[in-house]
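User: Could you take a close look at one part of this protein for me? I would like to understand how its domains meet, and what surrounds that meeting place.

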Amino acid sequence: MKALRYYGGKDMRLENIPEPEPGPGEVKIKVKWCGICGADVQEYQGGAGLLPVKKPHPGTGKMAPITGGHEFSGQVVKIGDNVHGVQVGDKATVRPTIPCYKCYYCKKGQHIQCAILGSIGGAADGAFAEFIVVSNDNVYRLPNEVTYEMGAFTEPLACAVRAVKRSRMELGANVAIVGAGPIGLLTMQVANACGAGKIIVFEMLSNRGQMAKELGATEVINPKGVDPGRAIAELTEGRRADVVFECAGKSDAMLLSETVSGKASTIVEVGTMPTTCDFPFFNLFFREKTIIASQGYVDEFPPAISLLTSKKVRCDPELISAKIKLDDILEKGIKELMGERKLEHCKILVSPEL
Ligand SMILES: [Zn+2]
Ligand SMILES: [Zn+2]
């Protein structure tokens with residue numbers, strides 16, 4: 001079967017590899033759609049650090065080359081012995097995290113902090129392929145109301161669900177979203193579904209701002225050319241945001257998040273910021289602001305699927321910029337659409353069936 005194999009930075013190859021078969025406790029899925037994530041692009045551009053290149057991953061025992069792709073949906077086509085809750089023919093999505101289930105954090109139910117956490121599409125073969133075999137533990141059935149396209153959003157949506165959960169946002173809270181990329185737009189919709197008051201989105205690109213507006217933002221502000229603190233104060237009776245989700249992963253976005261946050265607010269770092277940031281901690285002190293981080297998910301797949309089922313979170317077709325075939329994933333998907341022309345797009349979905 002065809003698969004996009006990650007060898008290392010700047011080295012991904014579309015190759016023919018043997019079709020995997022399920023062993024005991026495993027499920028074979030025919031991939032329908034797989035989203036391209038920023039992490040896949042980073043992996044191509046120089047290595048995001050997830051791919052075990054030099055030695056096998058301590059959890060999965062696998063090393064490069066590994067098939068990429070972790071945001072996907074598909075149909076169950078075969079199951080091994082001792083598989084429960086899944087049947088051949090089911091529509092499914094997969095939680096990519098592979099925890100050890102034995103370490104201190106796993107035992108506390110915080111498997112995202114597992115000492116040897118691996119992930120499908122990073123430290124085990126992913127879904128930029130025709131078929132994938134995964135553990136029964138990772139499979140979640142999708143109801144009829146959720147299209148395969150929507151199912152491919154479950155993984156990034158689970159990140160958004162966790163961010164809102166961890167923020168402890170109160171009903172009616174004023175929320176600011178900084179950065180309206182895929183994660184920002186999903187987090188905005190989850191906050192809305194969870195009873196946010198006003199949702200003010202800060203976004204410099206007009207195409208993304210327009211999407212935020214269509215998907216339920218109260219107001220979209222381009223932070224360039226205005227005083228963003230004053231702008232949000234005017235919309236919130238001087239209070240500013242009670243909860244801010246920093247979804248851009250940039251130091252200036254973190255500073256903006258602090259500017260637009262109000263007294264006793266919480267700032268949630270959802271974007272992954274690789275740089276340091278000259279942050280005004282003094283401002284936190286008198287206003288008793290809290291900064292927290294939210295990474296990935298633990299048990300957020302079921303609520304994410306519920307939000308897709310009820311259409312409280314919209315993504316198909318709203319967040320889909322292009323659908324491409326697996327043959328085109330490297331040149332068109334990763335290098336062009338999500339590389340050079342990244343800012344024009346939201347989510348690119350890939351299918352081996354096109
Ligand atoms: Zn991702
Ligand atoms: Zn563990």
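Analyst: Happy to help; here is a walk through the domain contact, followed by three residues elsewhere in the chain. Please keep in mind that this is a predicted model.

Let's begin with the layout. The chain splits into two domains: domain 1 is made of residues 2-153 + 315-351, while domain 2 covers 157-293. Domain 1 is thus written as two segments of the sequence, and domain 2 as one. Between the C-alpha centres of domain 1 and domain 2 the distance is 29 Å. Where the domains touch, domain 1 supplies 10 residues and domain 2 supplies 11 residues.

How much area do domain 1 and domain 2 bury between them? The figure is about 850 Å², and carbon and sulfur atoms account for 62% of it. The size of an interface is often given as the accessible area lost when the parts come together. On the domain 1 side, the residues that lose the most area to domain 2 are Leu-319, Leu-343 and Cys-346; together they make up 48% of what that side buries. As for salt bridges between domain 1 and domain 2, the count is zero.

Next, a residue worth finding on your screen is Leu-308. Leu-308 sits in helix α10, which runs over residues 301-309. Leu-308 counts as buried because its relative accessibility is 0%, and the cut-off for buried is under 20%. Leaving aside residues up to four places away in sequence, Leu-308 touches Val-146, Met-150, Thr-154, Leu-157, Val-313 and Cys-315. Leu-308 also shows how the fold brings distant parts of the sequence together: Gly-151 is 157 residues away in sequence, yet the two C-alpha atoms are 8.0 Å apart.

Leu-205 gives another view. You will find Leu-205 in the loop between β12 (199-202) and α6 (206-214). With a relative accessible area of 25%, Leu-205 is partly exposed. Leu-205 and Glu-353 are separated by 148 residues in sequence, and their C-alpha atoms lie 33 Å apart.

Finally, let's turn to the surface. Phe-286 belongs to helix α9, residues 281-287. Is Phe-286 buried or exposed? Phe-286 is exposed, because its relative accessible area is 61% and the cut-off for exposed is over 50%. Together with Phe-282 and Phe-285, Phe-286 forms a nonpolar surface patch of about 430 Å².

To put the three residues side by side: Leu-308 is buried, Leu-205 is partly exposed, and Phe-286 is exposed.

Conventions:
Residues numbered from 1 in each chain as written. Chains lettered and ligands numbered in written order. Predicted model: local features only at pLDDT ≥ 70, side-chain atom pairs only at ≥ 80, totals over all residues. Heavy atoms only, no water. Patch = residues over 30% accessible without salt bridge, like charges linked within 9 Å, V, L, I, M, F, W, Y side chains within 5 Å. Areas by Shrake-Rupley, 256 points an atom, 1.4 Å probe, with all protein chains shown as cover. Salt bridge = Lys/Arg side-chain N within 4 Å of Asp/Glu carboxyl O. Helix = DSSP H or I, 4+ residues; strand = E, 2+ residues; numbered from the N terminus. Buried < 20%, exposed > 50% of the residue type's maximum accessible area, 1.4 Å probe, protein only. Domains from an automatic or database assignment. Contact = heavy atoms within 4.5 Å. Buried area = accessible area lost by both parts, 1.4 Å probe.
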